Amino acid sequence: MSQPLPETAAARRPLLEVEDLRVRFSRRGQPPTTAVDGVSFSVDAGEVVGLVGESGCGKSVTSLAVMGLLPERGTQVSGAVRFDGTDLLTLSPGRLAARRGKDLAMVFQDPMTSLNPVLTLGRQLTEVLKAHTDLDRAARRAEALDLLGRVGIPDPRRRLGEYPHQLSGGMRQRVLIAVALACSPRLIIADEPTTALDVTIQAQVLDLLTTLVRESGTAMVLITHDLGVVAGTCDRVNVLYAGRVVESASRHDLFARPRHRYTSGLLAAVPRVDAPEGSPLQPVPGSVRDRLEWDAGCAFLPRCGRGDDACRTGGILLAPTDADRARHAGRPGHPDHEARCVHPAGATT
Amino acid sequence: MLTLIVRRLGLLVLVLFGLSILLFAWVRALPGDPARALLGEKATPAGIAEITARYGFDRPVWEQYLTYLGRLVRGDFGASINTGEPVLSTFAQRFPATIELSVAALLLAVVVGIPLGYLAARRRGGLLDNLAVGGSLLGVVVPVFFLAVLLKYVLSIWLGWFPTSGRQDARIDATHVTGFYVLDGLLTREWDASWDALLHLVLPALALGSIPLAIIVRITRASVLEVLSDDHVRTARAKGLARGVISRRHVLRNALLPVSTTLGLQAGALLSGAVLTETVFSINGIGSYLFDAVNQLDYPVLQGFILFIALVYALVNLLVDVSYGLIDPRVRVS
């Protein structure tokens, strides 16, 4: 009873394992900037994992690094991105391209600019099928029709011959979702898929995306700055700050017991409808630019109300808090709620 | 699309109409007696009287204009003061040479310029890029006539690789069907005639094509660089498409939009460059005809030429707009 049942390595292996990913951009005449500073997280098959953080925390760069879509020039990427056991960072550009769109696909932030304005929607849908499947022309067209129908685009037959500018932003994002789903990938990375859309249709598109992902058993990395989006969709959440994961937990644990002071600050900043009228918003003070280098301590320290000199040492680990270890006592394995914090919130519970 | 063409053609008629008023006013606005101005230094009382009567300078201005316009509509551009030949028939006779030269120059500019600009952008900062950018600067700043003379002296007089002047060796007994000598040779299966005409065309086309070539290289390069950073190219890469497919379908096609606009604008510059090139290489085209007309203030020829150029320019740009509509669905008029 006390030992977990032995499982085969393959079954235990996560679908995507990002380990100590670092991305540095260097430009001539400027000091290099570190956008991603040792990010690690994993995604199991069929799981929806959130990457949350504010602008500049490295979430988009992380996703582009996983996809191998960062510009080659002036970019240094290190660490490992294991997809189904293969380190994508070591693949040749050609072999990586053969997996992109097929095994792992991406939905981008801005549907207004992410489709090619001079090609028909049909062409943009079928070309990904042509690249990765043996379907003939007619079969590709049929598949494209089916995909447009699945993402809820009315009159798909007519839309196939139309151009992006003839569609609204929400419809375009649906097309991009159809493109991502076309080859039934095992992982979809969605980078702020609803941020550029009208508030009124954000929920529709997000629902569509999560429904389709759940139905097909595809895993998804959902990148967002919106905790509301996370609350509605994710199984697990990783909170990023200054290029590192500062907290990793199941959705329930994160919202019920945020441990890192940044996470708790974010949750406190969400305006509540049940708050007394006129009560002020509670933003996280300061800005991301006020940061410590991770080697010198906690990057969040300058904005943290709880920090002290103990936070000024490098190498603070992402680990379960004492409180969570206590909660977990008596069960197998380690608690899956980890935080990179010297003085975690709720330490006494 | 059809609406666009019809509307543009209607606009063209208006432009030509306005231009005819300007051209008419231009000759009338010359100081002194228009007949004396037309004849210049050679004016004699008898000549002035004859010109005045022939052109109706003694009639009211509006009547003169209507007569002028009526003649234009019927295709009568008047006759050259110098040669007495009707302007239109001389145009018809000389135009093919100019067209052939211009098309060759433009073809050269497009066929070399677009790939060069594309490769320069893909290898930004590399040797090819620096050569292309530096070379195109040189291409723009070196005057056409200087380049023409230089090419002629080095490659034909000095090295003897190409013929020095004319459009075809006089010893070749070629049949001329269309007036485009290279094409004529192909149509009549006189391969040697066609080849000879092509050799005659190389240096003038190089000289004339240098500026459009330089501009196309630069525009293509800048345009490709811009498209490369577009979001939709990232989407194409995320789809895992082959490199060649991304380059052709997602980069080059979008990047060609500004290039096609430039081509239309180049058509005007090309014709003025043709004047110089034809003069240097002794080609009997519109250019050398015009060169003589300007020197001798041959107003009917100049008027006819300007109208004609306006027409060609407008038609070329209409063609560019149509091609633009074919490439970019957003500008299509439903």
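Student: Which domains does the domain assignment give for chain B?
Tutor: Happy to start there, keeping in mind that this is a predicted model. The assignment for chain B gives two stretches, and the centres of these domains, taken over C-alpha atoms, are separated by 33 Å. The bounds are 2–73 for domain 1 and 94–331 for domain 2.

Student: Which element gives the largest share of the side of domain 1 of chain B that touches domain 2 of chain B?
Tutor: Start with the contact itself: twelve residues of domain 1 of chain B are in contact with twelve residues of domain 2 of chain B. The domain 1 side divides into nine nonpolar, two polar and one charged. Ten residues of that side come from a single element, helix 1 (residues 2–28) of chain B.

Student: How many helices and strands does the secondary structure of chain B come to?
Tutor: Walk along chain B from the N terminus and the elements run α-α-α-α-α-α-α-α-α-α-α-α-α. Its C-alpha atoms fill a box of roughly 80 × 55 × 40 Å along the principal axes. The count for chain B is 13 helices and zero strands.

Student: What percentage of the contacts in chain B with a separation of 6 or more comes from residues 24 or more positions apart?
Tutor: Let's look at burial beside it: of the 334 residues in chain B, buried residues make up 32%. For the contacts in chain B with a separation of 6 or more, residues 24 or more positions apart account for 70%.

Student: Is the crossing of helix 7 of chain B and helix 9 of chain B left-handed or right-handed?
Tutor: The axes of helix 7 (residues 144–158) and helix 9 (residues 191–228) of chain B come within 9 Å and cross at roughly 145°. On the helix 7 side, the residues that meet helix 9 of chain B include B:V144, B:L147, B:L151 and B:L155, while B:L203, B:A207 and B:I211 are among those on the helix 9 side. The residues of this contact divide into ten nonpolar, two polar and one charged. The crossing of the two helices of chain B is right-handed.

Student: Which element of chain A gives the largest share of the side that touches chain B?
Tutor: Here 25 residues of chain A are in contact with 18 residues of chain B. Helix 3 (93–99), strand 6 (104–107), helix 4 (111–114) and helix 5 (121–132) of chain A each give two or more residues. The chain A side divides into 14 nonpolar, six polar and five charged. The largest share, four residues, comes from helix 5 of chain A.

Student: Why is one side of strand 2 and of strand 5 of chain A left without a neighbour in the sheet?
Tutor: Picture the open sheet of chain A, with four strands in the order 2-1-4-5 and antiparallel pairing. Strand 2 (33–43) and strand 5 (86–87) of chain A have one side free because each has a single partner strand and stands at an edge.

Student: What is the bridge partner of A:L16 in strand 4 of chain A?
Tutor: Strand 1 (residues 16–25) and strand 4 (residues 75–83) of chain A run antiparallel, joined by eight bridges. In strand 4 of chain A, the partner of A:L16 is A:F83.

Student: What do the buried residues of helix 12 of chain A pack against?
Tutor: In helix 12 (residues 261–269) of chain A, the buried residues are A:R261, A:Y262, A:T263, A:S264, A:G265 and A:L266. They pack against four elements of chain A: helix 10 (227–233), strand 9 (236–241), strand 10 (244–250) and helix 11 (251–256).

Note on methods:
Residues numbered from 1 in each chain as written. Chains lettered and ligands numbered in written order. Predicted model: local features only at pLDDT ≥ 70, side-chain atom pairs only at ≥ 80, totals over all residues. Buried ≥ 20, exposed ≤ 12 C-beta atoms within 10 Å, placed from the backbone. Contact = placed C-beta atoms within 7 Å. Pairing = 2+ DSSP bridges. Axes fitted to C-alpha atoms, helices over the stretch in contact; angles between N-to-C directions. Left-handed = near helix turned anticlockwise from the far one by under 90°. Nonpolar A, V, L, I, M, F, W, Y, C, P; charged D, E, K, R; others polar. Domains from an automatic or database assignment.
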